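Dear colleague,

I am passing a structure on to you, and my notes on what was found in it follow below. Please have it open while you read, so that each residue can be looked up as it comes.

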Amino acid sequence: MKLSNIRVVLVQTTHPGNIGAAVRAMKNMGLEKLCLVEPRHFPHADATARASGADDLLAAAVVCETLEDALVGCVLAFGASARLRTITWPQVDPRQCASVISNLDDSAEVALVFGREHAGLTNEELEQCHYLVHIPANPEFSSLNLAAAVQVLAYEMRMACSGDGGSRGGDVTHTPLATADELAGFYRHLEQAMIDIGFLDPANPRQLMRRLRRLFNRSHLDRMELNILRGILSAAQKNNS
Ligand code: SAH
């Protein structure tokens with residue numbers, strides 16, 4: 001895995017100073033790509049001031065309208081959360097997150113997603129991520145400043161992935177992994193197919209989609225596997241019509 005393929009996504013950041021401090025933390029550790037989802041103020045003088053020399057990353061930052069847009073092309077996304085959630089989602093610490101990432105192919109793109117200063121990430125946003133990453137901190141004071149959280153994650157990425165380009169683990173697949181947008185398309189297809197065959201009642205969906213997303217996210221589907229699953233869904237829909 002290459003550090004340059006790790007994308008930092010900041011969702012609805014309120015203070016532009018935090019955006020600047022985040023790119024400084026990124027550049028210190030060799031990360032390059034920043035995506036901003038609906039930043040409140042950007043570009044902004046406070047962001048440039050706090051970037052202190054990392055303003056090339058600010059200039060290259062991509063501004064997106066939705067998290068789904070920011071995740072296009074990524075095979076894995078990690079949602080950073082200060083809180084442990086009521087929904088159970090696969091959870092890792094920053095070192096485990098870096099280890100998973102360092103085992104991916106050099107061409108794989110991944111995202112580290114950070115939430116709003118006051119409210120973090122919503123459950124819906126977290127569900128678009130494969131894993132929740134939590135920095136173990138004082139349980140009575142566990143919320144780090146946004147840029148400080150970026151720093152901790154970026155440092156672990158550097159420790160795990162720099163040097164010879166990162167160690168390659170055993171689970172490298174030869175078919176490229178399915179990207180977040182391909183998975184989103186698959187989940188829409190799965191939901192529709194389950195409705196069509198009468199398995200999912202849209203009036204009473206319960207936790208079904210959330211549980212299935214968790215199952216499929218855990219298995220790191222490659223593109224071929226995703227196509228097989230979509231083929232099965234289409235066949236089931238056809239037979240049912
Ligand atoms: N008050 C918010 C915290 C926001 S801090 C809440 O309760 O969720 C801003 C962002 O920094 C968070 O959304 C998260 O992405 C990151 N962050 C802060 N502390 C963190 C921690 N201990 N572990 C992981 N991410 C953290």
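**The ligand and its surroundings**

A backbone N or O atom of G115 lies 3.0 Å from an oxygen atom of the ligand. Please keep in mind throughout that this is a predicted model, and that the distances and angles given here should be read with that in view.

Two further contacts involve nitrogen on the ligand side: a backbone N or O atom of S142 is 2.9 Å from a nitrogen atom of the ligand, and a polar backbone atom of L144 also lies 2.9 Å from a ligand nitrogen atom. Of the 550 Å² of accessible area that the ligand has on its own, the protein covers 92%.

As for where the ligand is placed, it sits in the largest pocket. There are 19 residues around the ligand, and those that come nearest are A80, R83, I135, S142 and L144, so named here that you can find them quickly in the viewer. Sorted by class, the shell around the ligand is made up of 9 nonpolar, 7 polar and 3 charged residues.

**Backbone features worth a look**

Most peptide bonds are trans, and most residues other than glycine have a negative phi. Against that background, three places in the backbone may be of interest to you.

The peptide bond that joins F42 and P43 is cis, with an omega of about -5°, and P43 belongs to the loop between strand 2 (33-37) and helix 2 (45-51). E38 is found in that loop between strand 2 and helix 2 as well, and its phi is near 40°, a positive value in a residue other than glycine. With a relative accessible area of 41%, E38 is partly exposed.

Farther along the chain, H220 is not a glycine either, yet has a positive phi of about 45°. H220 lies in the loop between helix 9 (208-218) and helix 10 (223-240), and counts as partly exposed at 21% relative accessibility, given that residues under 20% are called buried.

**Buried residues and their partners**

Which residue, 40 residues away in sequence, has its C-alpha 7.4 Å from that of F186? The partner is L226. F186 itself is placed in helix 8, which spans residues 180-196, and is buried, with a relative accessible area of 1%.

L153, found in helix 7 (residues 146-161), likewise counts as buried, at 1% relative accessibility. The C-alpha atom of L153 is separated by 9.6 Å from that of M29, although their positions lie 124 residues apart along the chain when counted from one to the other.

Lastly, N5 lies in the segment before strand 1 (6-11). Because the relative accessibility of N5 is 10%, below the 20% cut-off, N5 counts as buried. A polar atom of the N5 side chain is 2.6 Å from the backbone oxygen of D106.

If you would like a place to begin, I suggest the ligand, with the backbone contacts of G115, S142 and L144, and after that the loop between strand 2 and helix 2, where both P43 and E38 are found.

With best wishes

Definitions and conventions. Residues numbered from 1 in each chain as written. Predicted model: local features only at pLDDT ≥ 70, side-chain atom pairs only at ≥ 80, totals over all residues. Heavy atoms only, no water. Near = heavy atom within 4 Å. Polar contact = N/O pair within 3.5 Å; in protein donor to acceptor, adjacent residues only side chain to side chain. Areas by Shrake-Rupley, 256 points an atom, 1.4 Å probe, with all protein chains shown as cover. 1 Å grid on protein atoms, 1.4 Å probe; cavity = no way out; pocket = protein on both sides within 12 Å on 5 of 7 lines; lining within 4 Å. Sits in = over half its atoms within 2 Å of the grid points. Nonpolar A, V, L, I, M, F, W, Y, C, P; charged D, E, K, R; others polar. Helix = DSSP H or I, 4+ residues; strand = E, 2+ residues; numbered from the N terminus. Buried < 20%, exposed > 50% of the residue type's maximum accessible area, 1.4 Å probe, protein only.
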